[in-house]
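Reader: Hey, can you walk me through this structure?

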Amino acid sequence: MTTGAPEPLLALSNVNTFYGQAQVHFDLSITVGRGHIVCLLGGNASGKSTTMKIILGLVKPRSGEVTFDGASLIGLTTPQIVRRGIASVPEARRLFADMSVRENILMGAFVRNGREAIAQDLDKMLTLFPKLGQRLSQRAGSLSGGEQQMVAMARALMSRPRMIVMDEPTMGLSPLYVDRVLELIRTINQEGVSVFMVEQNASLALEIAHEAYVLQTGKIVLSGSARTLKDDPRVRDAYLGGSEAA
Amino acid sequence: MSSWLDYTINGLIVGNVYALVAVGLALIFGVSRLINFAQGSIYLVGAYIGWVAVVQLHTPLPLTIIFVAMVAALVGLIIERFGLRPLQNSVRIAPLLATIGISFVLDQLVMLTFSPNPRALPSQLPDVRFQVGGGTIGPLDLLIAGVGISSALLLFVFLRYSKLGWAVRAASQDRDAAMQMGVDVNRVNQAVFGIAAALGGVSGLLVGMYYNQIDTAMSLQATLKGVVAEVVGGAGNVPGAVVGSLLLGLVESYGVAVFGTSYRNLFAFLLLVVVLVLRPNGLFASARQAPPEPLTGTFIAPSRPVRIPRWALWVAVAVFGVLPMLPVSFYVLQTLINAWLLGMLALSLTLVAGTIGQVSLGHAALLAIGAYTSALLSLTLSVPVGLAIIAGGLMSAALGTILISPSFRLRGHYVSIATLAIGEIVSLVILNWESVTRGPIGISGIPPLSLFGYELTSPTSVYWFSFAVMVLLALLQARLLSSHLGRSFRAIRDDDIAARAYGLSLNRYKSLAFIFGGFAAGVSGGIAAHLYSYINHETFNTQQSILALTVVILGGLGNVVGAVVGAVALVGLPEVFRIAAEYRILIYGIVLLLLVRFRPQGLLGTI
């Protein structure tokens, strides 16, 4: 990786978000460099998932700007944002449980046209996620958590996104699958897809990320390259609630 | 018709008609988790558009069908765009109430345009019948079967192979995830409403041709049958809706074969209640399916109730109390008596729907039970009227609670469906239990109101009596709600799982609410019976249940004062503005729509 900061692909600047009276984000600013993996760390109720929803247009910020590739995303609907090239792996996977694995993966290509290219990409997914090959006609809801995570990632890749946002991709997975998922994120990234991921598991996330931000009750309290943050004791503190940390 | 084969054929044909309605309901429920109570109105519109096409435009049959499908689809699109889309971020109950309002408006518009008198809708097919085995079958039967089967096939192909069909399926399984795949949920909703309306409209046309007659009462019946079929098959399950419809058609047809025509609907609603109790997710739901989404917390619009100082309430009571002594016309007193009676019903419903969150659509049944009990006791056993009315209230409380108890384990929309069905069942039992209720003839010559031997025949005395009873019930209810009981009720409404976790027995508290509410409604029905001197099984109908619901929402769900204010407003305002009777239901529908859209918490706020 180059040492200098790459041109930003996604930028949130001074975002303030409210749920009713309660403020969730306080002047949140985050940038994701082109080709980078950026990780947003934080404990429960720190505003991580809401950040993801802001990017996807599922929640509208009260003020601030969100740009993707230089163009504003504010005011666009979720489908419009997806068409700009942002795919998502939602929290808890959110597969279409009663559709087959094949249908789930193909749903990822909903915004695309061209049957042949889509079929080719499906084959590509099966080489990337070989286990899914035997599961194609099975109901997605019948898969194990780890397998579902694979489907969710394949589904996201099918739109040929420029960026994938992931909400806690390792949550609830067995240690074996956690390693596999992290490895896959790295592979995806090496093929040129930028990744923005929200994680609770800091040490794992920092292993594959280029940069990271630490979010605490809606404010960025720490940010920098993953390498420097990895050894920073404040990461752990911030996470467990600052002064309350043991 | 005599052979079993005939009844089977008839059941399957009628089932096909229901399927056209139910499939639309299932599609809409799948995508929006909404029971579209306006589906029957679209069916009605379809029948009348068909009449225009056949009788006035003389279109050939294929063109008639296409014309009806297109106009109905257009109506569906308009409903989606202007009635429901603005409510997307609203509380969960809002779209349900909106479809009820829309159905009132559509039915009344049809009635005002075409008059309520039945019209003949000639079948455009030759009237011949072929012998098949021991039964007969006609070209119209074949047409209905053909339309049913081909619609099901088209729908299957659409859902399985088209891009929009995939979007519909994905959105019905996980709306947010579908959006994140780039699915435009508004387009999906449009598609679903358009398809549902087209099918519903064609269904209305075919039914009209089948019975050679159409009238405006078709609407509610169609909605009810469609809902029954859909719930039997599993809400949101499209193939399930088809099977549920055929099953419903057969059950009805065999029921008619054994017991007679007036039992048709009774079988339909009994089937519904049995399915709701035994398999609330439908016959085909597998065990893994999650229970119906909890509709907690946001089901009712949260708000800060308007504070009214206690002295102002007493002043209002005093003003209305002395009103008959002022020079006011009998007409004003008459109007207000109606308002007080409706107020008692609204008190009952605001407790049940607002405070404990069980949105009942069959509340008129409680009126009917109270009215029949009181009327029969005073007529046949010569029980003094005052006592008979109290007995009516007690009977409503007891019987109403027992009847509703199977729905205690249901939530959200399912409660509404169950109560609607139970309301219909009560009315059908009254119709069929001739030895006690005198069946369709009704009860006439009910003695007038009297208290301790004094007859209350003057409007002034009736006014005072009904006003005093209502104020008493309101005070009791206010007292009840300020105790820990009120808090428990609201806890169950806001989160029944949490309430249960804190040791509240849902059955006990729901029973208590229905007992108290049943008493108030029963007393209202009892007074009404002695006031009207004649009642029959249609005196207390679903329209009144919906009117009561509108009153309660207008006043603010759960709000005791609001219930009374809502009743006075809804009964009084049309009188003040001298709105002709035939426009009133239309006005009620519009009021409901406007409330849901702009002030879901009602005039005085929910509590």
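Author: Sure, here is a quick tour. This is a predicted model, where local features need pLDDT of at least 70, side-chain atom pairs count only at pLDDT 80 or more, and totals for chains, interfaces and linings use all residues. Residues are numbered from 1 along each chain as its sequence is written, and chains are lettered from A and ligands numbered from 1 in the order in which they are written.

Reader: Cool. What order do the strands of the sheet in chain A have?

Author: The order is E2-E1-E4-E5, an open sheet of four strands with antiparallel pairing. Strands (E, at least two residues) and helices (H or I, at least four) are DSSP runs, numbered from the N terminus, and two strands pair if DSSP finds at least two bridges between them.

Reader: And which strands stand at the edges?

Author: E2 (22-33) and E5 (71-72) of chain A do; each has a single partner strand, so one side of each is left without a neighbour in the sheet.

Reader: How many bridges pair E1 with E2 in chain A?

Author: Eight, in the antiparallel sense, with E1(A) covering residues 8-19. A:Pro8 stands opposite A:Gly33 in E2(A).

Reader: New topic: how many residues does each chain put into the A and B contact?

Author: Chain A gives 18 residues and chain B gives 14, where contact means C-beta atoms, placed from the backbone, within 7 Å. On the chain A side, helix H2 (residues 78-83) brings the largest share, four residues.

How values were computed
Contact = placed C-beta atoms within 7 Å.
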